[in-house]
Amino acid sequence: MALVPESLTLFIFWLLVGTSFFGSFISTAAGIGGGVTMLAVMAQVMPPLALIPVHGLVQLGSNVSRMSIMFRNIDWRFLAWFFLGGLVGAAVGVKVVTALPTTVLQAVLALFILYSIWGPMPARARASRAGLIIGGGVTTLASMFIGASGPLAMVIVKGYNYDRFTKVGTFSGVMVVQHGLKGIVFGIAGFAFAPYLPLVAFMVGAGFLGTIVGKQVLLKQNENHFGKMLDFVLTLLALRLLWQAGQNFYTG
């Protein structure tokens, strides 16, 4: 098995590994944002049809490591009800997302990234058990299309007014549920993960290191907000993705 997939160069390989470290650092230190950052970079350099499955597998590994570090801070009842809804969302999502044209997928990803940075999020509210099931289904379904549905899921987690450690731990568990289900569903649908496994392994390892560093930052602060520079870079990446979608539409 080759270290670098045929669709990537060695430079891109290590760029993605570094991005995984940075994304996990952000998610641990700030509680959210790493998945969107990684998605925005991966969308620039990876084949569109491989983007969501590979991103999901990397996020699964990174969040498993984060979940293990924050194990004692997880609200397991929250996670159980969320998981029930996630099962339904993943089953429905795979039937739709595999039929989407590449142009549509690129446009949806770009618009989601822009909205997650600049758009208003729904008001926070403590969800009931039924609300957690519905939320698990809707956000997992969304994850099949946009890859990084963390901003949507975090709205539900924030409704419980957890301390920052429980927030990060429970949110990591939510991401494990979503990306784990997504990986199973894409595998059943026939996606070939094998060529990307070395890349995934290196990215997961880098993500684990980013989690350790991010936790040290989390211990020393009350909250960590994304800087304007990060928002600016993500916006540029999203606009470039929209440009690629437009080119593919007109040349296709």
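**Note on an all-helix predicted model**

1. The structure holds 10 aromatic pairs. One of them is formed by Phe78 and Phe82, whose rings are stacked, at 6.1 Å centre to centre and with 10° between the planes. The model discussed here is a predicted one, and the values below should be read with that in mind.

2. Where do Phe78 and Phe82 lie along the chain? Both belong to helix α4, which covers residues 76-97, and they are 4 residues apart, which corresponds to about one turn of the helix. Phe78 is buried, with a relative accessible area of 1%, and Phe82 is likewise buried, with a relative accessible area of 0%.

3. A stacked aromatic pair is also formed by Tyr160 and Tyr162, with 5.6 Å centre to centre and 20° between the planes. Tyr160 is buried, at a relative accessible area of 12%, whereas Tyr162 is partly exposed, at 21%; the cut-off for counting a residue as buried is under 20% relative accessible area, so Tyr162 falls outside that class. Ring pairs link these two tyrosines, Tyr160 and Tyr162, with Phe78 and Phe82 into a cluster.

4. For the overall fold, the secondary structure of the protein comes to 10 helices and 0 strands, and the pattern read along the sequence is accordingly α-α-α-α-α-α-α-α-α-α. Of the contacts between residues at least 6 apart in sequence, 84% join residues that are at least 24 apart.

5. Turning to burial and surface, the protein has 252 residues, of which 53% are buried. Its accessible surface comes to about 11,700 Å², and 70% of that surface belongs to carbon and sulfur atoms.

6. Helix α2 deserves a separate look. With 12 residues (34-45) and 1.5 Å a residue, helix α2 should span 16 Å, and its end C-alpha atoms are 17 Å apart, which agrees with the expectation. How many of the 12 residues of α2 are buried? The number is 11, so the helix is largely enclosed by the rest of the structure. The buried residues of α2 include Gly34, Gly35, Val36, Met38, Leu39 and Gln44.

7. Ser20, which has its place in helix α1 (residues 10-30), is buried, with a relative accessible area of 0%. Which residues is Ser20 in contact with, leaving aside its neighbours within four places in sequence? They are Met38, Val58, Ser62, Met203, Val204, Ala206 and Gly207. Met38, in this list of contacts of Ser20, is also among the buried residues of α2.

Technical notes. Residues numbered from 1 in each chain as written. Predicted model: local features only at pLDDT ≥ 70, side-chain atom pairs only at ≥ 80, totals over all residues. Heavy atoms only, no water. Helix = DSSP H or I, 4+ residues; strand = E, 2+ residues; numbered from the N terminus. Buried < 20%, exposed > 50% of the residue type's maximum accessible area, 1.4 Å probe, protein only. Contact = heavy atoms within 4.5 Å. Areas by Shrake-Rupley, 256 points an atom, 1.4 Å probe, with all protein chains shown as cover. Expected span 1.5 Å × (residues − 1). Phe/Tyr/Trp six-rings, centres within 6.5 Å; stacked < 30°, edge-to-face > 60°.
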